[in-house]
Amino acid sequence: MLFVFALSTWAESPKPTETSGRSMPQGPLGDVVRLGQTIVNETGTHPLSKSYVGNALSCRSCHLNGGTHPKAASFLNIATAYPAWSPREQRVITLEDRALNCFMRSMNGTRPPNGSEVSVAITTYITWLSKGEAMGMNPSRPLGPNHVQPLTIDPSTADRERGETLYADHCAYCHGDAGEGSDDGPPVWGDESYNDGAGLARNAKLASWLKVAMPLDDPYLTEQQSLDVAAYINSHSRPKFILEEHLPTPDRMGEYNGQEPPK
């Protein structure tokens, strides 16, 4: 079986009324839900969001099926976890904060201003995917009830050489020998991939995602294989995260405090 390692799924996403089993709001609110789903799936090319994206990834690159995959960085019911305490930012953050920070890290771009049309649309769509669920709020970290589960093995057991073989056999077909990506899969390292401030830049985070997401629709990797592939991918160069380079101009900062968070 061909193992197509991908940080994205290129299949057309179903309409919101077909994905969640939740009824679509009427009128302008429903229009914004639909707009948010479109932006999630077309982040790098949509007129409202493309100027904030600095690589070849979109929201759906990690949040498979437009965030409706039950395990691969799922958006399902995640809005119930916010506001949440964030150890990285050392403050309480909102769902909007969490979504916008991904533009800076995973998409190596610029953080859209709080309250901007793209911000409201994305968080409205994500919130709709939590409709009808009880608010939980998370006092420990910004994780929802369907977050990717951590590995049960020690991340220090990662073997890059084994990962290189796995990548060559199963991943390079779509993502290129040099991780540059292709029409069938996005880049997994280099200037067009996520920067070193993204969660996936940590081997354990990437490996736990691979374990539940790859191959698409039929994940079969073991934890060790996932960890080895992650270590190989993250051994390559990628953009360095410098907070100040990813923030909007001071007059468009919104509520973000602009302080350097610990990595």
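Start by selecting isoleucine 122. Leaving aside neighbours within four places in sequence, Ile122 is in contact with Gly36, Ile39, Val40, Cys59, Ala99 and Phe103. Show those six as sticks. Keep in mind that this is a predicted model.

**The core around it**

Next, widen the selection. The largest nonpolar core has 57 residues, and Ile122 and Trp209 are the ones with the most contacts inside it. Colour the elements that give this core two or more residues: α2 (27–41), α3, α4, α5 (160–170), α7 and α8 (223–234).

**The whole chain**

Zoom out and switch to cartoon. Eight helices and two strands make up the secondary structure. Trace the chain from the N terminus: the order reads α-α-β-β-α-α-α-α-α-α.

Now colour by burial. Of the 263 residues in the chain, 54% are buried. Then turn on the surface. The accessible area comes to about 12200 Å², with 52% of it belonging to carbon and sulfur atoms.

A contact map is worth a look here. Take contacts between residues at least 6 apart in sequence: 70% of them join residues at least 24 apart.

**The largest pocket**

Select Arg98, Pro142, Leu143, Gly199 and Lys205. What do they mark? The largest pocket holds about 1300 Å³ of space. It is lined by 47 residues, and the five just selected are the closest to its centre.

Which elements give two or more residues to this lining? They are α3 (95–104), α4 (117–128) and α7 (203–213). Pick out α3 in its own colour, since that helix gives the most, with five residues.

Recolour the lining by residue class. The lining of the largest pocket divides into 28 nonpolar, ten polar and nine charged residues.

**The cavity**

One more stop. Rolling a probe the size of a water molecule over the atoms shows where empty space is left. How many cavities of 30 Å³ or more does the count give? The count comes to one. The largest cavity has about 30 Å³ of space.

To find this cavity, select Leu64, Asn65, His69, Ala213, Leu216 and Asp217, which line it. By class, the lining of the largest cavity splits into three nonpolar residues, two polar and one charged.

**Back to the start**

Finish with α3, α4 and α7 shown together. These helices each give two or more residues to the lining of the largest pocket. They also each give two or more to the largest nonpolar core. Centre the view on Ile122 and Trp209, the residues with the most contacts inside that core.

Terms used: Residues numbered from 1 in each chain as written. Predicted model: local features only at pLDDT ≥ 70, side-chain atom pairs only at ≥ 80, totals over all residues. Heavy atoms only, no water. 1 Å grid on protein atoms, 1.4 Å probe; cavity = no way out; pocket = protein on both sides within 12 Å on 5 of 7 lines; lining within 4 Å. Points joined across faces, edges and corners; volume = space filled by probe spheres on them. Helix = DSSP H or I, 4+ residues; strand = E, 2+ residues; numbered from the N terminus. Nonpolar A, V, L, I, M, F, W, Y, C, P; charged D, E, K, R; others polar. Buried < 20%, exposed > 50% of the residue type's maximum accessible area, 1.4 Å probe, protein only. Contact = heavy atoms within 4.5 Å. Areas by Shrake-Rupley, 256 points an atom, 1.4 Å probe, with all protein chains shown as cover. Core = buried A, V, L, I, M, F, W, Y, C linked by side-chain atoms within 4.5 Å.
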